[in-house]
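Colleague: I'd love a close look at one part of this model. Please start from a single polar contact and work outwards, giving your cut-offs as you go.

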Amino acid sequence: MIVVIDYNVGNVKSVCNAFEHIGCEARLSCAPADIENARGIVLPGVAAFGYAVSALGSVAEVVRKVALAGKPLLGICVGYQMLFETSSEYGMHKGLGLIGGNVVPIPPGRVIPHMGWNLVELPEDMELFAGLGSEKHFYFAHSFCAEVTDAEAKIAGTDYGVELTASVQKGSIYGTQFHPEKSGPSGLKVLQNFYDICRRK
């Protein structure tokens with residue numbers, strides 16, 4: 001089954017509900033045994049980066065360990081940002097360090113936060129987007145963005161007057177800055193693709 005990590009940052013239940021809507025078994029849990037025994041894990045979150053890292057606490061090391069061992073991991077929104085090395089949101093904070101890069105403010109000169117639907121260019125070699133074509137609209141809500149420096153990471157981008165990273169993949173580690181659970185049929189397809197990846201693993 002999929003374990004959606006429940007660590008008191010926003011409505012993580014909505015992610016669990018989205019998986020259940022498409023017939024995928026998902027459980028809300030932050031128990032290390034559940035995380036270690038899951039086919040795949042999802043790290044969601046709607047909160048400031050530092051608060052989210054603090055709320056995750058010792059579970060962070062469990063997540064990091066299983067992800068480095070090859071268990072599929074999907075980070076969503078702040079959960080996606082936590083995949084990187086650092087964030088400068090309300091001070092400097094360390095992330096999980098699974099993907100090289102840093103989380104920084106969206107550059108000035110545009111409306112902050114980046115809120116609502118935006119078009120994402122979908123590379124053919126990113127497994128999360130199988131069957132979705134070359135581009136789709138997804139729902140965003142964020143004021144900070146990831147600057148990816150990891151040469152091994154595959155990237156999908158979105159144009160917000162400047163190119164922002166919308167999604168990343170490195171091995172079995174996946175992340176979306178957008179909310180697939182709020183992105184209609186295209187978002188549900190992303191979650192289905194992740195579930196299929198977990199079953200293949």
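Modeller: Gladly! The side chain of Thr176 reaches the backbone oxygen of Phe178 at 3.0 Å, a polar contact (a pair of N or O atoms within 3.5 Å; within protein, one must be able to donate a hydrogen and the other to accept it, and residues adjacent in sequence count only if both atoms are side-chain atoms). Bear in mind that this is a predicted model, in which local features need pLDDT of at least 70 and side-chain atom pairs count only at pLDDT 80 or more, while totals for chains, interfaces and linings use all residues. Residues are numbered from 1 along each chain as its sequence is written, and side-chain values use heavy atoms, with hydrogens and water left out.

Thr176 belongs to strand 13; helices (H or I, at least four residues) and strands (E, at least two) are DSSP runs, numbered from the N terminus. Thr176 counts as buried because its relative accessible area is 0%; buried means under 20%, exposed over 50% and partly exposed in between, with a 1.4 Å probe and protein chains only. Setting aside residues up to four places away in sequence, Thr176 touches Leu74, Gly75, Ile76, Cys77, Tyr80, Leu128, Ala166 and Ser167, where contact means heavy atoms within 4.5 Å.

A little further on comes His179, in the loop between strand 13 (173–176) and helix 6 (184–200). His179 is buried too, because its relative accessibility is 3%. Beyond its neighbours within four places in sequence, His179 is in contact with Val46, Ile76, Cys77, Tyr139 and Ala141. Ile76 and Cys77 are also among the contacts of Thr176.

Several of these names come back in the aromatic groups. Phe178, which takes part in the polar contact with Thr176, forms one aromatic cluster with Phe129, Phe138 and Phe140. The structure holds seven aromatic pairs. In one of them, the rings of Tyr80 and Phe84 have centres 5.3 Å apart and planes at 80°, so the pair is edge-to-face. Here, rings of Phe, Tyr and Trp (its six-membered ring) pair if their centres lie within 6.5 Å; planes under 30 degrees apart count as stacked, over 60 as edge-to-face and the rest as tilted. Tyr80, a contact of Thr176, is buried because its relative accessible area is 0%. Phe84 is buried as well, with a value of 0%. Trp117 and Tyr139 form an edge-to-face pair, 6.0 Å from centre to centre with 75° between the planes. This pair links distant parts of the chain, since Trp117 lies in strand 8 (residues 114–121) and Tyr139 in strand 9, 22 residues apart. Trp117 counts as partly exposed because its relative accessibility is 49%. Tyr139, a contact of His179, is also partly exposed, at 21%.

Ala141, another contact of His179, leads us to the largest pocket. The largest pocket has a volume of about 190 Å³. Of the 13 residues lining the pocket, Ala47, Val78, Ala141, His142 and Ser143 are the closest to its centre. On a 1 Å grid over the protein atoms alone, a pocket is an open set of points where a 1.4 Å probe fits, with protein on both sides within 12 Å along at least five of seven lines; lining residues have an atom within 4 Å of a point. Grid points are joined across faces, edges and corners, and the volume is the space filled by probe spheres set on the points. Helix 5 (78–81) and strand 9 (135–142) each supply at least two lining residues. By class, the lining has eight nonpolar, four polar and one charged residues; Ala, Val, Leu, Ile, Met, Phe, Trp, Tyr, Cys and Pro count as nonpolar, Asp, Glu, Lys and Arg as charged, and the others, Gly among them, as polar.

For contrast, here is a residue from another loop. Glu152 sits between strand 10 (144–148) and strand 11 and is exposed because its relative accessible area is 60%. Apart from residues up to four places away in sequence, Glu152 touches Gln169 and Lys170. Asp159, within strand 11 (residues 154–159), is exposed at 52%. The side chain of Asp159 reaches the backbone nitrogen of Gly161 at 2.9 Å. Beyond its neighbours within four places in sequence, Asp159 is in contact with Asn118 and Leu119.
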